[in-house]
Amino acid sequence: MPDDKDHRVMPGEACPVPLPDHKQIVLGHGSGGKLTQDLIEKIFLPNFWNDCLARLNDQAVLEVNGSRLAFTTDSFVVTPIFFPGGDIGRLAINGTVNDLAMSGATPRFIAAAFILEEGLASDDLVRVVESMRLAVAEAGVLLVTGDTKVVNRGKGDQVFITTTGLGVLERPGEISADRARPGDRILLSGTIGDHGMAIMSQREGLEFEGPIESDTAPLHTLVAAMLEASPEIHCLRDPTRGGVATTLNEIASRSGVGMEIDVRTIPVRESVRGACEILGLDPLYVANEGKLVAVVAPEAADAVLDQMRRHPLGRDACCIGEVVAAHPRRVLVKTEIGGSRVLDVMMGEQLPRIC
Amino acid sequence: MCLGIPGQVVSLEDAGGLRMGKVQFGGVVREVCLEYVPEVALGDYVIVHAGFAISPVDEEEAARTYQLLEEMGQLTELEETAADPGFGQGDRPSDKPS
Amino acid sequence: MKYLDEYRDARVAQELLEQIRGVQKRPWVLMEVCGGQTHSIVKFGIDDLLPGEIELVHGPGCPVCVTPLELIDKAHAIASRPEVIFCSFGDMLRVPGSKCDLLTVKSRGAEVRVVYSPLECLKIARKHPDRQVVFFAIGFETTAPANAMLVWRAKQEGLQNVSVLVSHVLVPPALEAILDSPWNRVQGFLGPGHVCAIMGYREYEEISARYKVPIVITGFEPVDLLEGVLMAVRQLEGGRAEVENQYARAVTRDGNAAARKVVSSVFEVCGRKWRGVGPIPQSGYRLRAEFEAFDAEHRFDVGAIDTQEPAVCISGEVLRGIKKPHDCPAFAKECTPAHPLGATMVSSEGACAAYYLYGRHLKPDNRNAAGKAGQAG
């Protein structure tokens, strides 16, 4: 891929702008887009290579003594730690429950590791943990082990939480990002951009008021309902950092297929849209914490969609496009006025703009 | 250049001699400097760029030209009865939590 | 959203395309001046929908792209100082200087903050009286009133810890530079809608008359852009060369006098260097003498910044509409948004980045490229 080459001089022409220097980690490396992918593919994957890791799903499906287990881990570093619609604790439980759910597993057990910054108000910690207790109960899981560390003031953003989850696959069949096939339908469970814009609304220098709340929610019962409708669900992903655009590209890339999406079918709350418009952001790249993208066989799509809409977390579920054999690994979007463009992976963080 | 979005003025205030206000954009409200649109009143629409209202939206002008465009659009709809398969303007989900 | 959704209506857009097809007889080359217009054209797939004989070339309307390398380097030097809180619009954070970009500077410990409005800097300055707040004041005439107000209020409030790093550029001199070029191919312009909301469009009447080119002041939504193209093509087919105002809901001939008053109190016109193009006289703003105390270049002695602007760079040709991004041999190969080689690939609304992001290099059937293959660059 051209991006791998470290070209500093273009032959025959001089250019005023040298390459950016990635000798240090920048925030973009954590944003879920291209930079994150690069980090995984160039540093982590080669060092830890095995068939399971190489599938690069959000969870690992393991065979242990005849049982199929799903295993996952995720870190939560969001700032501010309390935001409209949730907090870092709730996010940490739901995020890991969802990573398990995306394999079709029933989430069972969670481990939680806390890194606390010296000076964090004990009341805040209590608030976070109480929120986690509620999330654990709602998700029907058990938090069975954990760890706590404290770092010096200034070395950690109030609190970081890492949760590890274990789930059991009770159904046969395989749900994985590399299973999308031409003809499959692409389903989305609801409105996009709510979580990312809820966070953005609290950022100093960018604040705005409005009804935007994080959509953080545990999706495993929605997934269970979908699997009841049909086993022909090929891929499931929750579009967190990098948004729906990144998730679609990941699936297209792993499966070696193309996709065609109609932007007009994608539900966006009016308030999220307003916020995105003023900051110059595209909702397709904004993080979600209570939504999923499903790639399902065409004959199963209607039944699955029907089940989704009956579930409280899938009321606004819709079909947003389909998988095609043409233009493999590219996601094409039909625009509001009927034109066409390519939906690329996000570079680094999506930044507000005035131009 | 230059991102400017239309919004509706929902409140006005004087902030230390600077004319400020709150402008609503599709359900989201942001503080905006209204110093450059002294004629604008509550309920009026303005174009906002980098936190400043740079121009009022001339509603008459907008209505006039939009009517022309609408008529054109209706012509198109009459002509294209078969139309685009299945790609209508979907409902915008309301802002009530699900 | 009112006054936005209507201008993204598919039926209206299709009808405008129909009208354009009906009116257009000969091939024409149009330039949309603003980066925001380029962004919209590519995002909504407008250039794809237009008849192949109408070529849209992308103009220099990207203040991010044209900010000179030395100034970016100065911004990095200032931001790296421990006492500084460096504030900027998001657009500038990924623009590489000679060595790195502001995000890298941030990763090395500098305090760099994205703001939506320049007035946020006043709040930050009041909150942190022991720190120096520096704002990267870039933009065209559209942003000058906002940046000017920051400086004006800072002076009024007697804030000692606020300063601005100025890189303002003006559109009319850029258009003249394009039209003066012997290689110019542009026959008509879609004028900068929000710049004209501030400045009015009298200046463009003079340019239109002198160079005999149609200039249609155009908005930013797909319906605006299509209507602008229709109006421009009608003029060209009819042999006319005038200024017309498509964006009448936001633009008047005289513009915004209140905004211009503050701008001219704080700034004065000066010559500016445009990255990829070179120096253009009377093409920018600098702070007036009475506001010099707020000039970050004076307040911070960042030393002689030695940067080398090369003699040739295709960014300049793209900015002037002489070449298109895919004419560049490095486009989408060595030069991508992840590894930009030129100014126009850096900003998300620079012509090359807009093309790349919306995948023009990936489309199997790129009519514009094929159609123009034979034309002289």
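**Exercise 1. Locate Pro80(A) and describe the peptide bond that leads into it.**

Solution. Pro80(A) sits in the loop that joins strand 2 (67–76) and strand 3 (82–83) of chain A, where strands (E, at least two residues) and helices (H or I, at least four residues) are DSSP runs numbered from the N terminus. The next step is the bond from Thr79(A) to Pro80(A), which is cis, with omega near 0°.

The model is predicted, so local features need pLDDT of at least 70 and side-chain atom pairs count only at pLDDT 80 or more, whereas totals for chains, interfaces and linings use all residues. Residues are numbered from 1 along each chain as its sequence is written, and chains are lettered from A and ligands numbered from 1 in the order in which they are written.

**Exercise 2. Determine for Gln158(A) and Gln282(C) whether each is buried, partly exposed or exposed, and give the phi of Gln158(A) and of Gln282(C).**

Solution. A residue is buried if 20 or more other C-beta atoms, placed from the backbone, lie within 10 Å of its own, exposed if 12 or fewer do, and partly exposed in between. Gln158(A), in the loop between strand 6 (142–151) and strand 7 (159–168) of chain A, has 19 other C-beta atoms within 10 Å and is therefore partly exposed; its phi is positive, about 70°, although it is not a glycine. Gln282(C) belongs to strand 11 (residues 278–287) of chain C, and with 12 C-beta neighbours inside 10 Å it counts as exposed; its phi, near 50°, is likewise a positive value in a residue other than glycine.

**Exercise 3. Check the span of helix 3 (residues 88–101) of chain A, and state how far the helix is enclosed.**

Solution. The expected span is 1.5 Å times one less than the number of residues, so the 14 residues of helix 3 should span 20 Å, and the end C-alpha atoms are indeed 20 Å apart. Since 14 of the 14 residues are buried, helix 3 of chain A is largely enclosed by the rest of the structure.

**Exercise 4. Trace the strand partners of strand 1 (residues 5–15) of chain B.**

Solution. Two strands pair if DSSP finds at least two bridges between them. Strand 1 of chain B pairs in the antiparallel sense with strand 2 (residues 18–25) over seven bridges, with Ala15(B) opposite Leu18(B). These two strands form a hairpin with two residues between them, and Gly16(B) in the turn has a positive phi of about 60°. Strand 1 of chain B also pairs with strand 4 (residues 45–49), in the antiparallel sense over four bridges, and there Gln8(B) has Tyr45(B) as its bridge partner.
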